[in-house]
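Here are a few exercises to work through with the model open beside you. Try each one before reading its solution.

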Amino acid sequence: MKRFLLAALLLLCQSGAQAALKVVTTTPAMAALTRAVGGEHVQVSTLVGNDRDAHMLQVKPSMMRAVRDADLVVAVGADLEAGWLPEVLASAGNPRVQTGRPGHFEAAMQVERLPDPPSSGFSAHLHRYGNPHINLDPLRMAQAGESLARTLAGLDTAHADDFHRQAAAFRAAVEARLPVWRESLKGAQGAVLYHRDAVYLLDRFGLKLLGTLEPVPGVPPTANHLRELAAQLQGQKGVIVQAPWHAPDGPRQLSELTGLPIRILPLDPPADADGQAYLRLIDAWVEALAAGGTP
Ligand SMILES: [Zn+2]
């Protein structure tokens with residue numbers, strides 16, 4: 001009986017040691033990456049859905065509660081969440097996930113970033129570290145996934161091999177899809193973006209950024225800017241892409257002036273996405289960008 005109790009106790013301890021890490025991510029793309037790399041060893045929740053602008057969020061008590069219990073916070077970083085995440089971290093009172101601690105990870109800071117033009121001065125768009133929107137470049141995401149594997153391994157050493165293997169599998173899945181995406185985009189010219197949120201995707205596939213609806217990051221389009229942009233775009237092929245939360249008037253006017261089609265696409269997969277669902281989001285973007293190839 002004593003031996004049985006001891007064995008039961010040992011089992012309990014072991015299962016305790018193997019409890020999944022509680023990971024809170026800011027955006028669904030970060031959640032998808034964490035699920036891809038962490039697999040069964042992580043329990044992931046995300047603070048924002050893919051229907052909201054992750055630059056500008058209202059801080060809610062539910063966010064602090066989620067972060068209070070977290071073993072790890074995974075953010076896009078590079079100031080993308082600068083308008084609200086610092087307040088959530090400060091109020092959550094969880095020392096493990098503060099900036100600079102082992103339980104704090106910023107994906108954009110793990111990869112080479114593209115520059116952004118000077119900002120409008122709005123703090124939510126003050127991109128000191130370059131453009132933070134790395135999540136639409138599948139290869140940068142794969143690289144960030146490898147860094148995330150090291151972070152997860154530091155927090156759960158027993159499963160280090162699994163994290164590294166799963167990060168490698170995610171990279172392999174991305175690399176396997178690259179030729180398909182390249183083939184679909186043959187002949188595509190480029191895109192007019194509302195915000196500079198898909199520049200990494202355009203850059204990855206050699207497509208041109210034909211312009212932005214925002215005259216400067218964070219500032220909605222003005223009539224003057226739209227007229228100038230339309231004049232520049234005369235005779236160009238391409239597609240106008242906006243996120244679901246961007247006001248439709250500017251894109252509609254530009255489309256009327258230029259004849260370019262409009263596509264509305266989220267920047268993130270659904271909140272419950274895994275690595276495969278992330279790849280399907282890139283599929284949707286590739287399909288939309290390819291639509292700009294035909295006159
Ligand atoms: Zn931005």
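**Exercise 1: placing D51**

Find where D51 sits, then say whether D51 is buried, exposed or in between.

Solution. D51 lies in the loop that links strand 2 (42-46) and helix 3 (61-68). Residues are numbered from 1 along each chain as its sequence is written. This is a predicted model, where local features need pLDDT of at least 70, side-chain atom pairs count only at pLDDT 80 or more, and totals for chains, interfaces and linings use all residues. Next, count: D51 has 13 other C-beta atoms within 10 Å, so D51 is partly exposed (buried takes 20 or more, exposed 12 or fewer, partly exposed is in between, with C-beta atoms placed from the backbone).

Now look further along the chain. Setting aside neighbours within four places in sequence, D51 is in contact with P244, W245 and P266 (contact: C-beta atoms, placed from the backbone, within 7 Å). The C-alpha atoms of D51 and A243 are 8.4 Å apart, though 192 residues separate them along the chain.

**Exercise 2: reading the sheet**

Work out the strand order of the open sheet and find its edges.

Solution. The four strands go 2-1-3-4, with parallel pairing (strands pair if DSSP finds at least two bridges between them). Strand 2 and strand 4 (104-106) each have a single partner strand, so one side of each is left without a neighbour in the sheet. Zoom in on one pair: strand 1 (residues 21-25) and strand 2 run parallel and are joined by five bridges. One bridge to spot is V23 with V44 of strand 2.

Notes: Helices (H or I, at least four residues) and strands (E, at least two) are DSSP runs, numbered from the N terminus. Two residues are in contact if their C-beta atoms, placed from the backbone, lie within 7 Å.
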